[in-house]
Structures are given as structure tokens and as C-alpha cells.
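Here is a quick tour of the model, starting where the two chains meet and then working inwards. Keep the 3D view open and click along as you read.

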Amino acid sequence: MPELRFFDCNARIGRASTPRPEHLLDVAGLLAEMDRAGIERALVHHVWSAEWDPPEGHAALLREIGGEDRLYPCFAGLPPATRELPPPRDFARQVRDLRGAVRLFPVQHNYLLNEVSIGHLLDALSFERVPVLIDLAQTNWPEITALLGHHPALSLIVLNAYYRVDRLLYPLWERFGNLYLDCGSYGVHRGVEAVCARFGAERLVFGTDLPVHEAGGPMAVVTYAALSEAEKQLIAGGNLRRMLGVED
Amino acid sequence: MATDTFLDACRLGQALAGELIIDAHAHMGPWHNFHVPHNSARGMVERLDQLGIDACVASPHAAIGPCHLQGNRQVMAAEDEFPGRIIPYVTINPNYPEAEIRAEIEHWHGLGRIRAFKIHPALHNYRVNGPGYGPMFEYAREHSLPVLSHSWAGDSLGGASLLSRLAAEMPSVTFLVGHAASSWDMIEEACREAQARDNVILDLTGSQLLYLALEAMVERAGAEKIVFGSDIPFIDAAPGLGRILAARLPDDAKRRVLGLNAQRIFRLPGR
């Protein structure tokens with residue numbers, strides 16, 4: 001079987017508050033790791049967007065990945081009311097023009113993941129077809145259910161869901177076609193195959209969580225799945241390329 | 001660039017030919033807390049085949065949960081159905097009367113079926129050095145058997161330091177510290193204990209692996225002190241296998257971790 005074209009939806013760069021000595025902090029380190037593992041592209045967020053200030057993080061992200069055509073920017077969203085970011089329509093359009101995505105950190109950034117708080121932002125992101133990512137540690141399933149109900153056209157990728165989620169996830173997948181899961185951490189026994197048989201390979205995307213976690217495990221989740229090559233290619237990178245509007 | 005057969009297998013999803021791979025930490029059956037597809041022994045063996053895993057050493061969820069008697073019978077039946085592929089742990093729940101535990105051990109001893117023990121101090125809410133485990137340790141000591149214990153960082157019931165103290169008291173028993181790579185705190189503690197005691201072995205089971213954690217563990221504790229474990233079918237075995245295949249380690253170290261150490265510890269035949 002030819003090698004899969006991996007597009008990592010969950011990588012980061014930047015100097016973090018509590019780095020480990022072995023952590024990759026810059027673009028060169030991340031690219032070297034991607035080369036070794038065989039990962040073609042990555043959607044990258046900057047730690048400063050999460051741990052310091054989204055505007056500072058966005059500027060650093062664009063500065064650091066500028067000119068590197070294998071890396072795509074993932075920005076942090078905030079409630080429009082505080083006007084820390086450009087107005088939602090402008091912000092969403094800018095992200096779309098860069099073929100990027102938006103990640104939400106409602107716990108870390110201390111806001112409510114509801115319509116009053118960020119409904120306008122999600123409307124704009126949905127309109128511009130910008131995918132939104134959220135780590136399950138930053139939200140919960142009732143919030144995700146409400147968000148999907150209010151924004152049926154928004155592409156939402158849930159990260160780090162782990163292996164106890166099917167009873168929470170399957171009912172949502174029965175109703176919402178725009179919910180995606182990072183399968184790097186999914187971990188359900190033969191779960192990737194079960195999801196594909198029930199809901200299709202379009203529901204899963206590949207993510208590593210580099211440099212906090214290693215890439216070999218998430219890759220093996222895809223490469224060893226008992227699926228067709230076409231299904232594996234979708235999960236490895238095809239689904240994310242489609243969502244971001246990246247050319248094959 | 002030098003070819004890395006193990007990394008290439010991971011990138012291509014290929015079962016490794018000619019390599020012994022033993023999963024030292026497996027379960028079996030359904031679990032109350034979440035959906036486990038294809039959780040039967042057959043469903044597990046099908047997955048082992050896909051991944052090129054020769055055998056797994058298993059303790060059913062029933063055993064680490066409410067009924068060790070049911071679980072032990074389940075895994076013995078699985079071994080009968082898939083000899084050489086499913087290796088049974090005898091699991092002990094120390095909350096039951098000593099007479100029952102002794103009778104259970106005696107039952108499987110009489111059939112010559114005890115290869116290793118599995119305990120889960122967290123789910124059974126019982127300290128690993130409590131008296132309820134006494135009959136099991138007595139048998140394990142007498143027969144020089146391995147014992148796999150669930151463990152976690154800061155675990156007051158079965159932490160690596162506590163297991164290591166027992167290992168010092170029972171040099172004939174090989175203690176496998178479960179989930180030894182689950183956090184950097186756990187790695188520090190587990191590697192320290194593995195360095196200090198010949199009979200403390202580290203199990204890699206966990207849903208994810210921290211970046212360069214396995215490489216750090218090999219450097220600190222040695223490749224001969226680490227075994228591959230996955231939790232299958234509690235967790236799929238692919239990520240646990242993939243992170244060893246993709247590690248920045250010499251082939252010899254990967255072979256030890258993937259299967260040679262478990263072969264020695266569980267006294268299993270080669271391929």
C-alpha cells in the first residue's frame with residue numbers, strides 16, 4: 001500500500017509556560033519530526049494564543065510559519081464582545097483566506113461556550129466555512145450538543161476525546177453530519193473501523209498533539225485500521241484538506 | 001538515510017514479519033463504562049492478527065471488575081479456544097474471603113493453569129500490601145511468578161514505590177508496574193524503582209505516549225526492563241504498538257520491549 005498523506009490537525013509551536021526539555025518549540029523542530037514520521041502537512045497553533053494572548057499568538061504564528069507551505073495556521077477564537085480580535089466577519093474571512101482554522105479554549109480563556117458569548121463568531125466561521133477545533137478538556141458534551149444544534153453548518157473537530165466516548169458521540173453523529181473527531185487519541189478497540197462502517201470515513205481526522213505526545217501511536221491508528229486505502233487517505237489527510245480548502 | 005524497518009512498518013500499517021510481539025497487558029469482554037466493539041476473544045485475536053501481535057496476556061474486565069471467578073473462567077476458555085494467542089492471568093479480588101481466594105488459586109493450580117497474576121488495586125479499592133492479596137503473593141513467591149498490577153502516579157493503593165517495596169520483600173516475584181508511562185511523574189517514579197530492583201518491570205500501557213517518553217525510559221531503566229502492553233480491548237492495541245515501532249531506539253531495544261522481555265518473564269515459547 002502506498003504511504004498515506006498525513007495532515008496533522010493538532011500540532012503546536014512556541015515557547016510554553018511549562019515546557020519539557022525534549023519539547024519541540026519551533027518550526028524547524030516540528031518539520032524535522034514530521035519528516036521523520038512521514039507527516040506531509042500540519043495545522044499548527046501557537047502556544048502563546050492559548051497561554052498568553054491570542055493576538056500576540058496569532059502574530060507570532062504567522063511570523064514563524066510564514067513561507068512554510070506545509071504548515072497551516074490555527075488561530076484562537078474569543079467572545080466578540082471584548083473586541084480583542086477583529087470583528088467576527090473580518091476575522092473569519094482572514095482565517096479563510098489563509099486556509100486556516102480556529103481553536104476555542106473556553107476554559108483556559110475563561111468564557112462561556114454558548115450563543116450569548118460566541119454565537120456571532122461561530123455564525124461568521126460557519127458562513128466562511130472555517131473549521132473549528134476544541135479539546136474535550138475545554139468543553140463538555142452538553143455544550144457540544146448545543147453548539148452543533150445552533151450551527152448545523154459549522155465543521156467542529158473534537159480533540160483528545162480518548163476511548164470512553166462512543167455513548168456520548170454516536171448519538172450526536174446520528175444527528176449532526178458536521179461533527180468530526182481527532183482519531184489520534186480516540187483509542188476505541190477497532191473503533192475507527194466501527195465508526196467508518198456506521199457513519200463513514202468522513203467523520204475522522206488525524207491528529208498527533210505534537211510536541212506533547214508522540215506521533216507513532218496516532219499514525220498506527222490509521223495505518224493499521226482494517227479499512228480500504230481510500231478510507232485511510234480520507235482520515236489521514238483528505239478530510240482536513242477538504243475542510244480547509246487545500247488543494248490535493 | 002538508513003532504513004528503519006520498524007518505523008516503516010508503522011508508516012505502512014504492515015505486520016512485522018519474523019519479530020516476536022507480546023502484549024503483556026490485555027483484558028477481554030465488555031465494560032460498564034463505555035462501548036467496547038468486538039470485545040470477545042475472537043475479536044481480540046482478529047486484531048492481534050492485523051497488527052502482527054503473536055500473543056497477549058489477558059485479564060477479563062469481569063475479573064478486574066465485579067467477579068474474578070467469572071473472569072478467570074472466561075480467560076481460561078479463551079486460551080482453550082486460542083492456544084498460544086491468549087495467555088491467561090489469574091486475577092484476584094482481595095475483597096472476597098481468604099477461603100474463596102485460596103480455593104480459586106488451588107483450583108487453577110490443580111489444572112496447571114497459573115502462569116501469572118493480575119491485580120487491580122484501584123478498581124478493587126484495596127492496597128496492594130493488604131492481607132487480602134496474601135494468598136496470591138504466597139503462591140507467586142513459591143512458584144516465582146510474575147504479577148501485573150494496575151498503577152498510577154500518586155496511587156496510594158498500588159503506586160510504583162509501593163510495588164517496589166513488595167518487590168524487595170519478594171525477590172522471586174516479578175512485579176510489572178502497569179501504566180508506567182502514563183505521566184512524567186509516573187515515569188520518574190517507575191524508572192527509579194526499576195533501576196533499584198531487578199524484579200521491577202515497567203509496562204507501557206496507556207492511551208497516549210508522551211513525546212520521547214519511551215526513549216527516556218530506555219535510557220533510565222534499560223530496554224530489558226520495559227514491556228509492551230496495550231489494554232486491548234479496553235483500548236485498541238494499534239497506538240501502543242505504533243509508538244514503539246516509531247520510537248528513536250535501536251532495533252535491539254525495540255525487540256526487547258516488543259516481545260523478548262515478555263517471553264522471558266512469562267516463560268513463553270519463541271515464534
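Let's begin at the contact between the chains, keeping in mind that this is a predicted model. The contact draws 33 residues from chain B and 33 residues from chain A. On the side of chain B that touches chain A, three helices each put in at least two residues: α1 (5–12), α2 (41–51) and α10 (238–245). Which of them gives the largest share? That is α10(B), with seven residues. If you sort the residues on this side of chain B by character, you get 19 nonpolar, ten polar and four charged.

**Chain B as a whole**

Step back and look at chain B on its own. Its secondary structure adds up to eleven helices and nine strands. The radius of gyration is 17 Å, close to the 18 Å that the globule rule gives for 271 residues, so chain B is as compact as a globular protein of that length. Along the principal axes, the C-alpha atoms of chain B fill a box of roughly 60 × 40 × 35 Å. Of the 271 residues in chain B, 58% are buried. Long-range contacts show up clearly in the count too: among chain B contacts between residues at least 6 apart in sequence, 77% join residues at least 24 apart.

**The sheet**

Now find the strands. Six of them make an open sheet in chain B, in the order β4-β5-β6-β7-β8-β9, with parallel pairing. At the edges sit β4 (90–91) and β9 of chain B, each of which pairs on one side only. In general, strands of a sheet pair through backbone hydrogen bonds, either parallel or antiparallel. For a close-up, take β5 (residues 117–119) and β6 (residues 146–149) of chain B: these two run parallel and are joined by three bridges. One pair to click on is B:F117 with its bridge partner in β6(B), B:V147.

**A glycine in a helix**

B:G71 belongs to helix α4 (residues 68–81) of chain B. Is B:G71 buried or exposed? It counts as buried, because it has 27 C-beta neighbours inside 10 Å, and 20 are enough for that label. Setting aside neighbours within four places in sequence, B:G71 is in contact with B:S59, B:P60, B:A62, B:A63 and B:T91. The C-alpha atom of B:G71 is also 9.8 Å from that of B:I92, 21 residues away along the chain.

**Backbone oddities**

Some spots on the backbone deserve a look, and these are the angles to check:

| Site | Feature | Angle |
|---|---|---|
| A:L210 and A:P211 | cis peptide bond | omega about 5° |
| B:I232 and B:P233 | cis peptide bond | omega about 0° |
| A:N160 | positive phi, not a glycine | phi about 50° |
| B:H179 | positive phi, not a glycine | phi about 55° |

Where do these sit? A:P211 is in the loop between β8 (204–205) and α9 (216–223) of chain A. B:P233 is in the loop between β9 (226–227) and α10 of chain B, and α10(B) is the helix that gives seven residues to the side touching chain A.

A:N160 lies in the loop between β6 (156–159) and α7 (166–175) of chain A. It counts as buried because 21 C-beta neighbours fall inside 10 Å. B:H179 is in the loop between β7 (174–177) and α8 (184–196) of chain B. With 24 C-beta neighbours inside 10 Å, B:H179 counts as buried too.

Technical notes:
Residues numbered from 1 in each chain as written. Chains lettered and ligands numbered in written order. Predicted model: local features only at pLDDT ≥ 70, side-chain atom pairs only at ≥ 80, totals over all residues. Helix = DSSP H or I, 4+ residues; strand = E, 2+ residues; numbered from the N terminus. Rg over C-alpha atoms; globule rule 2.2 N^0.38 Å. Buried ≥ 20, exposed ≤ 12 C-beta atoms within 10 Å, placed from the backbone. Contact = placed C-beta atoms within 7 Å. Nonpolar A, V, L, I, M, F, W, Y, C, P; charged D, E, K, R; others polar. Pairing = 2+ DSSP bridges.
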